[in-house]
Amino acid sequence: MPVKRIAVLASGRGSNFQAVIDAIDRREIPASCCGLITDNPGAYSIERAEKAGVPVYIVDYAAYPTKEAYEQALCRVMEELSADLYILAGYMRILGSGIVKQFHGRLMNIHPALLPGFPGLHAQRQALGYGVKVSGCTVHFVDEGMDSGPVIVQACVPVEEEDEEETLSARILAMEHRCLPEAIRLFCEDRLMVEGRRVRILPGRTASPGNTRHTP
Ligand code: GRF
């Protein structure tokens with residue numbers, strides 16, 4: 001199977017980006033990471049990329065007069081990279097509809113809640129405020145809405161009695177670091193099929209002999 005090219009967009013800390021490049025290093029994802037794109041020249045994810053030998057593309061939001069100009073520059077970088085998949089991993093801006101349309105089916109996002117609950121910013125704070133007993137994380141394809149695209153992978157995380165935003169966020173983050181590489185792996189193995197809102201996960205190569213669709 002040809003190795004896919006993936007690119008990651010991250011605005012800050014980049015722990016999900018790190019989880020992805022670590023999984024590639026361990027050969028758990030048949031992909032190469034062709035770039036880290038960031039809107040923030042101070043992002044810690046830049047250091048992570050440099051350490052891993054991943055090319056860095058800074059499209060500094062503050063350097064552009066308008067959001068449109070910024071998005072044009074971002075789009076040019078994305079086109080140049082010509083990745084099979086672009087992953088929003090802590091990318092803190094909403095992509096304009098032009099980019100979402102152009103890269104439809106090739107944009108993935110990770111969100112720290114069980115969507116459709118608690119979309120947008122501070123999802124963990126929203127979950128605690130609502131009083132849910134279970135939260136989690138969601139990896140989904142990106143559409144033009146806010147955290148509203150078809151769901152690829154979800155996992156639950158319990159909310160503990162004594163949780164505060166920080167402790168719940170940390171527990172969810174540990175789960176994100178498992179779910180995001182898993183969703184990328186499925187994409188890179190050509191095992192995701194979108195049917196309307198549902199993302200079907202096709203069997204892998206080690207599936208039972210009765211299923212010949214993906215048997216080599
Ligand atoms: C994660 O919780 C992610 O779900 C959210 O932003 C956070 C980014 O963390 N979209 P990191 O930069 O990957 O450490």
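The following exercises, each with a worked solution, concern the predicted model of a protein chain.

Residues are numbered from 1 along each chain as its sequence is written. In this predicted model, local features need pLDDT of at least 70, side-chain atom pairs count only at pLDDT 80 or more, and totals for chains, interfaces and linings use all residues, while side-chain values use heavy atoms, with hydrogens and water left out.

**Exercise 1.** Determine whether the radius of gyration of the protein chain agrees with that of a compact globule.

*Solution.* Step one: take the radius of gyration over C-alpha atoms, and apply the globule rule of 2.2 Å times the number of residues to the power 0.38. Step two: for 216 residues a compact globule would have a value near 17 Å, and the protein chain has 17 Å, so the two agree. Step three: add that the C-alpha atoms fill a box of roughly 60 × 45 × 35 Å along the principal axes, and that 47% of the residues count as buried (under 20% relative accessible area, with a 1.4 Å probe and protein chains only).

**Exercise 2.** Describe the division of the protein chain into domains and the contact between them.

*Solution.* Step one: domain 1 covers 1-103 and domain 2 covers 109-216, with bounds from an automatic or database domain assignment. Step two: the domain centres, taken over C-alpha atoms, are separated by 19 Å. Step three: 24 residues from domain 1 and 19 residues from domain 2 take part in the contact (heavy atoms within 4.5 Å).

**Exercise 3.** Locate the largest nonpolar core (a set of buried Ala, Val, Leu, Ile, Met, Phe, Trp, Tyr and Cys residues joined through side-chain atoms within 4.5 Å).

*Solution.* Step one: the core holds 41 residues, and those touching the most other members are Ile-6, Ile-87, Met-108, Val-139, Ile-152 and Ile-184. Step two: H6 gives the most to this core, with 10 residues. Step three: both domain 1 and domain 2 give residues to the core, so it lies between them. Step four: leaving aside residues up to four places away in sequence, Ile-184 touches Ile-6, Val-20, Ile-29, Leu-85, Ile-87 and Met-108.

**Exercise 4.** Establish how the buried residues of helix H5 (residues 123-130) are arranged (helices are DSSP runs of H or I of at least four residues, strands E runs of at least two, numbered from the N terminus).

*Solution.* Step one: Ala-123, Gln-124 and Ala-127 are buried in H5. Step two: seen down the axis, these residues fall within an arc of 100°, so they line one face of the helix; the arc is that of the directions from the helix axis to the C-beta atoms. Step three: their cover includes strand E5 (107-111), strand E6 (134-141) and helix H6 (165-188). Step four: just after H5, Gly-131 takes a positive phi of about 90°.

Terms used
Buried means under 20% relative accessible area, exposed over 50%, partly exposed in between (1.4 Å probe, protein chains only).
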